Amino acid sequence: MNGTSKMMDFLEEPLPGVGTYEDFNTIDWVREKSRDRDRHREITSRSKESTWALIHSVSDAFSGWLLMLFIGLLAGSLAGLIDISAHWMTDLKEGVCLAGFWFNHEHCCWKSNTTFTDRDKCPEWKSWSQLIIGHGEGAFAYILNYLMYVIWALLFSLLAVLLVKGFAPYACGSGIPEIKTILSGFIIRGYLGKWTLIIKTITLVLAVSSGLSLGKEGPLVHVACCCGNILCHLFTKYRKNEAKRREVLSAAAAAGVSVAFGAPIGGVLFSLEEVSYYFPLKTLWRSFFAALVAAFTLRSINPFGNSRLVLFYVEFHMPWHLLELVPFVLLGIFGGLWGAFFIRSNIAWCRRRKTTKLGKYPVLEVFVVTAITAILAFPNEYTRMSTSELISELFNDCGILDSSKLCEYVNDFNSTKGDDLPDRAAGPGVYTAMWQLALALIMKVFITIFTFGMKVPSGLFIPSMAVGAIAGRLLGVAMEQLAFYHHDWVIFSGWCSQGADCITPGLYAMVGAAACLGGVTRMTVSLVVIMFELTGGLEYIVPLMAAAMTSKWMADAIGREGIYDAHIRLNGYPFLEAKEEFSHKTLAMDVMRPRRNDPPLTVITQDSMTVEDVETIINETTYSGYPVVVSRESQRLVGFVLRRDLIISIENARKKQDGIVSTSIIYFTDHSPPLPPSFPSMLKLRSILDLSPFTVTDQTPMEIVVDIFRKLGLRQCLVTHNGKLLGIITKKDVLKHIAQLANQDPDSILFN
């Protein structure tokens with residue numbers, strides 16, 4: 001029997017595992033898209049053969065929309081469950097409802113006969129002091145309520161960190177930096193798995209209820225992406241193709257923002273602007289569909305929530321004036337400064353956490369931060385209430401029926417028309433509220449630095465908005481009082497006469513919230529749209545745009561990275577930022593490996609290496625793949641083969657193909673090489689060979705190479721000279737090169 005008769009193409013039928021990726025590796029976007037095109041062409045051609053094949057073709061085309069429906073339903077349902085549970089457990093720190101312990105404070109008092117001003121003091125709701133000692137007045141009652149508040153906060157946060165540490169370490173943090181990295185093609189197995197989803201859902205409720213300076217909005221994006229990843233397994237089209245799965249995850253991220261803010265359009269724009277790496281037009285429409293389904297599902301699941309379709313609905317009675325753009329821009333400057341300060345401080349703290357013993361004690365860190373937060377928060381009513389309630393109150397435009405201290409002005413009802421109130425002199429309640437808000441601002445600014453990044457689910461949207469809303473309300477009241485006492489000044493005389501309703505402090509709070517959120521995240525268009533959908537204030541888009549752009553410019557002047565990009569770099573994820581420009585004059589030969597004095601490039605020849613030779617290369621190296629050349633002498637490039645595919649193919653060949661031994665020749669050509677009849681069976685592995693690996697010449701400018709890596713999503717690129725293989729550039733090499741040119745530590749890029 002000669003060698004030709006013994007040859008066998010072992011991979012005529014695909015093997016399980018071939019074409020998949022190992023953990024902490026980058027997918028091959030070009031190959032994944034090519035595989036999907038081949039699959040689609042095959043389905044289309046078969047659809048003409050039979051009715052069943054036509055039905056299969058139609059169902060394949062419709063499966064994407066069906067998957068979006070499932071994602072929207074599941075994400076909206078989980079968000080509703082989280083919302084209801086968090087409201088109840090937040091109020092549990094202060095008391096319990098006698099009519100039903102499962103009611104939160106607001107729902108408990110719905111059927112009460114108390115007056116409007118005393119609506120929060122219904123007999124059905126009892127504080128812990130009333131429940132334990134029978135009354136809620138006096139120093140002892142205050143201390144008891146204080147103590148119960150701190151105990152519940154510690155219990156919730158400790159339970160959250162223990163669940164994360166014990167069952168799902170990936171459930172901590174915001175999740176958006178990792179989502180951005182995964183959407184760029186990186187594999188982090190388990191990050192979007194079922195255990196992460198279950199634990200993140202539970203611990204998110206606990207973390208928010210503990211009163212820590214964090215929000216649930218960022219983690220809801222992670223929750224929605226977990227839903228998308230899990231539901232992808234229902235459809236072969238998405239289960240077996242990593243690039244198609246990332247299209248689904250982009251839509252899931254939009255659904256996550258939609259349920260977080262009730263902002264479907266803003267969710268789609270957020271996914272497009274902030275997290276997505278590959279976003280074709282069909283993904284845009286599917287994302288919007290998923291976001292809409294998620295938003296309406298949330299509304300159906302949580303019928304006890306705000307009856308309006310927006311989270312912080314505002315109804316300001318007066319339009320803004322052109323001259324008010326000056327304080328709005330000042331709020332933008334404040335937001336940019338706060339964003340840059342927060343990012344630098346938080347990254348420094350997180351780096352200290354990772355490099356010192358502090359990182360070994362996450363439970364102790366959560367305990368200490370929660371204790372400090374609860375002790376400082378309880379005496380101040382604006383830090384004791386949930387952050388969402390605080391923002392809602394700060395956005396509020398004072399009316400006649402408002403009983404908040406922020407609305408305790410010296411009354412002048414003679415000039416009142418309907419619900420409109422003119423600018424008035426601030427009463428004692430307003431001044432008290434200003435001092436409390438100033439203290440709340442200081443606390444929020446600093447405590448959020450230490451909270452974000454702890455080993456519990458922690459979002460940054462709402463805390464950032466709270467900082468900006470407080471600063472905006474303070475500035476708004478200051479402007480209001482300035483206009484009241486000095487209406488004859490030049491800046492006010494043209495549009496703000498005595499007794500007129502011309503300054504709206506709630507608008508300043510809204511603009512400040514947008515400014516601080518923009519300063520931290522560097523969002524622009526999506527931020528403005530989210531704020532519009534949050535508040536329903538379409539006529540205030542120009543002030544929001546002015547503040548958002550000013551905030552971004554100011555923050556970018558200090559540091560180019562947003563908080564999520566900074567955490568990506570801190571964690572060493574291989575993420576190639578598409579927004580940054582590469583302006584250095586280096587060439588591909590300056591970055592490729594091997595470098596000078598390095599060992600020669602590890603290659604596999606197309607038809608002259610044995611199974612043992614290839615296995616030796618695999619065991620002695622850790623590379624993700626190997627170039628295949630004609631011979632060691634010519635170094636002419638034939639293709640590229642992945643390490644994982646080689647291992648799986650050889651293992652299966654040894655088990656299932658007769659005659660495959662260590663001395664068997666592996667060949668990647670169509671025809672087997674001529675060998676003596678006494679040679680053992682040969683193994684043909686042409687099916688796993690990438691015959692069109694992306695190549696550049698050694699003189700290609702790195703500016704072009706970086707652009708190629710970004711736009712095509714490459715994991716590696718081969719460098720040639722006159723067709724001869726010289727070296728290889730991986731995504732990690734590109735990132736290390738960029739880090740070196742920016743005077744950063746290139747070894748901070750941790751993963752392959």
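A residue is termed exposed when its relative accessible area is over 50%, and buried when that area is under 20%. Asn722, at 65% relative accessibility, therefore counts as exposed. The model is predicted, and this briefing covers local backbone features at Asn722, Arg522 and Pro594, followed by the surroundings of Ser157.

**Positive phi outside glycine**

- Asn722 is not a glycine, yet its phi is positive, at about 55°.
- Asn722 is placed in the loop that runs between strand E11 (716-721) and strand E12 (724-730).
- Arg522, likewise a residue other than glycine, has a positive phi near 65°.
- The loop between helix H21 (505-521) and helix H22 (525-535) contains Arg522.
- Arg522 has a relative accessibility of 6% and so counts as buried, whereas Asn722 counts as exposed.

**Cis peptide bond**

- The bond joining Arg593 to Pro594 is a cis peptide bond, with omega near 5°.
- Pro594 belongs to the loop between helix H25 (588-591) and strand E4 (604-605).

**Ser157 in helix H6**

- Ser157 is located in helix H6, which spans residues 139-167.
- Its relative accessible area is 0%, so Ser157 is buried.
- A polar atom of the Ser157 side chain lies 3.1 Å from the backbone oxygen of Leu154.
- When neighbours within four places in sequence are left aside, Ser157 is in contact with Ser210, Leu212, Val366, Thr370 and Val456.

Definitions and conventions:
Residues numbered from 1 in each chain as written. Predicted model: local features only at pLDDT ≥ 70, side-chain atom pairs only at ≥ 80, totals over all residues. Heavy atoms only, no water. Helix = DSSP H or I, 4+ residues; strand = E, 2+ residues; numbered from the N terminus. Buried < 20%, exposed > 50% of the residue type's maximum accessible area, 1.4 Å probe, protein only. Polar contact = N/O pair within 3.5 Å; in protein donor to acceptor, adjacent residues only side chain to side chain. Contact = heavy atoms within 4.5 Å.
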